Amino acid sequence: MSIAVVGSIGLDTIQTPAGRVNDVLGGSAAYFSLAARHFMPVSLVAVVGKDFPRDGRALLDQPDVDLAGLEVQDGKTFRWEGVYSDDMNTRETIRTELNVFEHFKPDLPERIRSLKNVFLANIDPVLQRDVLAQLDQPRLVLADTMNYWIKTKKDELLETLKKVQIVIINEEEARELTGEALTHKAARAILSLGPETVVIKQGEHGAFLQGPEVFFTCPAYPIDNVIDPTGAGDSFAGGFVGALARMARVNDHNLRRAVVYGCVLASFTVEGFGVSGLARADRDSILARAEAISDMTKFNLSDTARILR
Ligand code: AMP
């Protein structure tokens with residue numbers, strides 16, 4: 001059992017009130033994989049250029065992350081640059097350079113095609129659909145997206161969303177996608193686009209889940225010293241999808257439990273620049289934060305220890 005993920009792998013330049021880093025490992029699939037691997041092995045589908053540094057690859061090269069689907073092509077690696085506001089609740093994208101992602105057409109290895117769980121992380125919705133079409137019979141199909149794709153490829157994105165069971169999206173992007181200012185109305189509008197369930201990420205306020213018969217809100221795990229929020233959303237997705245894929249059934253209780261693990265994994269990411277905070281998460285610290293959220297919310301997580309690898 002593994003999770004297939006397609007998404008960006010790139011080099012990020014990030015400025016926050018805590019400082020600035022240049023060309024560090026980033027991308028939606030990087031954060032997702034490093035978070036989800038605590039629950040279930042991950043098979044990554046992405047592309048980098050010949051300039052992708054060895055230390056970037058080393059960070060991804062974990063025993064439970066299969067890099068067979070990570071292609072190296074002639075050309076430059078995806079790059080993104082963002083600057084955060086003083087309270088770190090908003091950010092401005094300074095540049096997005098798709099580079100080798102612009103014409104990426106993966107041909108999935110046989111062992112990835114047979115996987116039952118797939119996460120279409122934030123990347124071109126046409127590529128998301130292309131990967132989905134190559135899977136034999138997935139059991140669980142989840143997706144994320146971002147303002148860039150809502151602006152540039154909305155129709156393609158709407159096509160992708162028709163084929164997805166659960167969407168994980170941040171609050172501002174949910175509003176942008178639907179034109180609804182109120183978050184719960186945006187959630188309902190997203191459900192009318194095809195998915196059965198939507199999870200809306202709310203940064204320092206946590207996340208909420210809306211399905212046909214389930215509504216749940218979960219606070220973020222409180223972190224005093226936030227250094228860099230980049231990738232928190234993708235790490236949330238890694239915790240959420242990893243936990244859910246590990247559970248036998250998708251039902252209301254399990255969806256709620258998965259939201260808690262999403263919040264836990266996101267909390268590690270904000271503690272350092274790039275993936276450095278997430279890389280410090282381990283079994284004990286994940287369990288401790290999950291128990292803490294369970295206490296804070298009086299929500300019974302049940303069998304916390306067995307969910308992790
Ligand atoms: P998050 O902070 O969770 O929204 O994700 C930030 C990550 O998304 C960064 O590591 C970026 O490299 C990546 N990213 C930014 N823009 C895009 C885009 N248009 N497509 C795919 N990935 C992107």
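How do the residues of the shell around the ligand divide into nonpolar, polar and charged? In this predicted model, the split comes out at 7 nonpolar, 8 polar and 3 charged. That makes up a set of 18 residues surrounding the ligand, and the closest of them are Ser 8, Asp 12, Gly 27, Gly 231 and Asp 234.

As for where the shell comes from, four elements each supply at least two of its residues: the stretches β7 (78-84) and β8 (91-97), plus the helices α5 (147-152) and α9 (232-246). Of these, α9 gives the most, with 3 residues.

Now for the polar contacts. Ser 8, already listed among the closest residues, has a side-chain N or O atom 2.8 Å from a nitrogen atom of the ligand. Trp 149 also puts a polar side-chain atom by a ligand nitrogen, here at 3.0 Å. For Asn 122, the distance from a polar side-chain atom to a nitrogen atom of the ligand is 3.2 Å. With the protein around it, the ligand has little left uncovered: taken alone it exposes 500 Å², and 95% of that is buried by the protein.

Then there are the aromatic rings, which form 8 pairs in the structure. One of these brings together Phe 78 and Phe 101, with ring centres 6.0 Å apart; the planes stand at 90 degrees, over the 60 needed, so the pair counts as edge-to-face. Phe 78 belongs to strand β7, while Phe 101 sits in the loop between β8 and α3 (110-113), so this pair ties together parts 23 residues apart in sequence. Both Phe 78 and Phe 101 are buried.

Phe 101 has another ring partner as well. The centres of Phe 101 and Phe 104 are 5.9 Å apart and their planes again meet at 90 degrees, so this pair is edge-to-face too. Phe 104 is buried, just as Phe 101 is. Put together, Phe 78, Phe 101 and Phe 104 make up one aromatic cluster. β7, the strand that carries Phe 78, is also one of the elements that supply at least two residues of the shell around the ligand.

One more ring is worth a look, this time for a charge rather than another ring. Arg 289 places its charged end over the ring of Phe 268, at 4.0 Å from the ring centre.

Definitions and conventions:
Residues numbered from 1 in each chain as written. Predicted model: local features only at pLDDT ≥ 70, side-chain atom pairs only at ≥ 80, totals over all residues. Heavy atoms only, no water. Near = heavy atom within 4 Å. Polar contact = N/O pair within 3.5 Å; in protein donor to acceptor, adjacent residues only side chain to side chain. Areas by Shrake-Rupley, 256 points an atom, 1.4 Å probe, with all protein chains shown as cover. Nonpolar A, V, L, I, M, F, W, Y, C, P; charged D, E, K, R; others polar. Phe/Tyr/Trp six-rings, centres within 6.5 Å; stacked < 30°, edge-to-face > 60°. Buried < 20%, exposed > 50% of the residue type's maximum accessible area, 1.4 Å probe, protein only. Lys NZ or Arg CZ within 6 Å of the ring centre and 35° of its normal.
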